[in-house]
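Visitor: I am new to this structure and should be grateful for a close look at a single part, the protein surface near DNA strand C. Which residues and elements form that surface?

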Number of protein chains: 2
Amino acid sequence: MSYEAITAKVRSGGPGASFDQMTHGLNASAKTRVTALLQRNARRYPAGSNIILEGDESDPFFLVLDGWVALNKSLEDGHVQTIDIILPADVIMPSAEGVSAFDVHALTDVTVCAVPMQELDKLEAADPPHMWTSIRALSAAAKARIAERMLRLGQGSAEMRIAYFLTELYLRVSACNDNQDMVFHLPMTQQQIGEFVGLSSVHVCRTLRRLSRNGLIDTSDHLKTVINDFDSIANIAQIDINQLKAEILPSDC
Amino acid sequence: MSYEAITAKVRSGGPGASFDQMTHGLNASAKTRVTALLQRNARRYPAGSNIILEGDESDPFFLVLDGWVALNKSLEDGHVQTIDIILPADVIMPSAEGVSAFDVHALTDVTVCAVPMQELDKLEAADPPHMWTSIRALSAAAKARIAERMLRLGQGSAEMRIAYFLTELYLRVSACNDNQDMVFHLPMTQQQIGEFVGLSSVHVCRTLRRLSRNGLIDTSDHLKTVINDFDSIANIAQIDINQLKAEILPSDC
DNA sequence: GCGGGTGAATAACCCATCTTAAACTACATG
DNA sequence: CATGTAGTTTAAGATGGGTTATTCACCCGC
């Protein structure tokens, strides 16, 4: 199943990973409520726009129906760090206290569905234990992703960070996916990749080109990123694939 | 209240920030259960030992009663990154799925109290909503701490990272504290600080000495770290103090 | 008082990555 | 077709931080 197919699935009301996980075990009335929510609260944002700014009041949850979202923090001097990237069918949790800790930034055109607190309360009343268990699992997966990245951000070389970045996003994009070709759509500029992995855009370019020149990846077609030698890439990234999958992917994939 | 006083408070059954938060609102029976748990499940670990290893089965929660704990991840090549540091009266959440995502490492002699899943279930049965709200708040504070650090890890200079490190830990150590002197006990080697801020121990030393030579801090007494010029340090760290306090400190301080 | 171990301080050297800048490509717009 | 804009590629020079190694200070056990 392609990127487009996943988003189509979500849009058409047959959502993907996290949504299934969140609603799995809900009784019928709660499920109906969730589906209604999706229709009602969906909103579109153009690529490059900010869905929420750090410090803004915000709903506690957003379900991404379509597009890629970056959670950003920035320093006064203008440097930006992307803390996490959220893909379709996954959940944005910008805050617990009603105030967002991040800029929620649309990397592509994005459709999200806000889940206000009172809606969550109603859901909880309908079917409490599953709700909380799911939220805990989702937030644990996000924490694991971030920790794994932070390890490489603090201790890894540029090449390792880029290799890890490619592997992580490939795994996540193709998580609920059957076909095994190592091709995926990566809708980010080198600048944005740099903000994610903690490198200048120039050095992102150098590093990608080196991997490309060595035949490990292929970025000649800008719409498709191809991983030619997955094992070598995973090796550079010092990844144990199975462990990583268990850690960062929703459990129903 | 000093570091020792806080740990004494915890040990004597009058716990600090997170514990209050977790148990705040619990009914009497649940509170009794928690207190009993503290007596029963408390365990001591010597400085330098690992309480849990990454990949081990682990209880979902540990309350730190005494000592400093580092949550570490490491690469095959031996490099270690500390993802978070947990102080007395705070909670370690190594996993959601029963398998720890970190090495839980004792920076000092440590006393922790394990909270097994079934214990949590019982607590939840006794008083569900507060339990979950608290857990969400705790894990949000941890996430905020980590994001703020990750921003500097990816985008900041060595000096900024060290300044941020000092400020964050000073704020946390003295959170529930009345006296305003900028002195605190920092039980970490420069090697361990380096693992936390993503620098070699040599460069940690260089950077600390520079701050020290410029009169911003004083580390001549190894048991006490003194921040002489808090504003300058916070400025180097590009911190907005009030915002940071709201974000990373438990709400009852 | 002596030897051994751990952590801090400092120096010298090196290289990974940043910065700046300029050329080039792709694509959209009038 | 000409022009503009956004992103990529490459080059050249500067530097922040890593690495290795040595010395120093302190503590602890004998």
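Guide: The following account turns first to the surface near DNA strand C, and then to its setting in the two chains.

This is a predicted model, in which local features need pLDDT of at least 70, side-chain atom pairs count only at pLDDT 80 or more, and totals for chains, interfaces and linings use all residues. Residues are numbered from 1 along each chain as its sequence is written, chains are lettered from A and ligands numbered from 1 in the order in which they are written, and side-chain values use heavy atoms, with hydrogens and water left out.

A residue is near a strand if one of its heavy atoms lies within 4 Å of it. Around DNA strand C there are 15 such residues, of which A:Ala158, A:Ser200, A:His203, A:Arg206 and B:Gln190 come nearest. By class, five are nonpolar, seven polar and three charged; here Ala, Val, Leu, Ile, Met, Phe, Trp, Tyr, Cys and Pro count as nonpolar, Asp, Glu, Lys and Arg as charged, and the others, Gly among them, as polar. On the DNA side, sugar or phosphate accounts for 71% of the atoms of DNA strand C within 4 Å of the protein, and bases for the rest.

Several polar contacts (pairs of N or O atoms within 3.5 Å) reach the phosphates. A polar side-chain atom of A:Ser200 lies 3.1 Å from a phosphate oxygen of DNA strand C. For the side chain of A:His203, the distance from an N or O atom to a phosphate oxygen is 3.4 Å, and for that of B:Arg209 it is 3.2 Å. Two elements give two or more residues to this surface: helix H8 (201-213) of chain A and helix H8 (201-213) of chain B. The largest share, four residues, comes from H8(B). Helices (H or I, at least four residues) and strands (E, at least two) are DSSP runs, numbered from the N terminus.

Both chains thus contribute to the surface, and their relation can be described as well. A turn of 180 degrees and a shift of 0.0 Å along the axis lay chain A on chain B with an RMSD of 0.1 Å, superposed by least squares on the C-alpha atoms of residues with pLDDT of at least 70 in both. That is the relation of a two-fold axis. The same surface serves both copies, since 100% of the contact residues of chain A recur in chain B, contact meaning heavy atoms within 4.5 Å.

Methods
A polar contact is a pair of N or O atoms within 3.5 Å; within protein, one must be able to donate a hydrogen and the other to accept it, and residues adjacent in sequence count only if both atoms are side-chain atoms.
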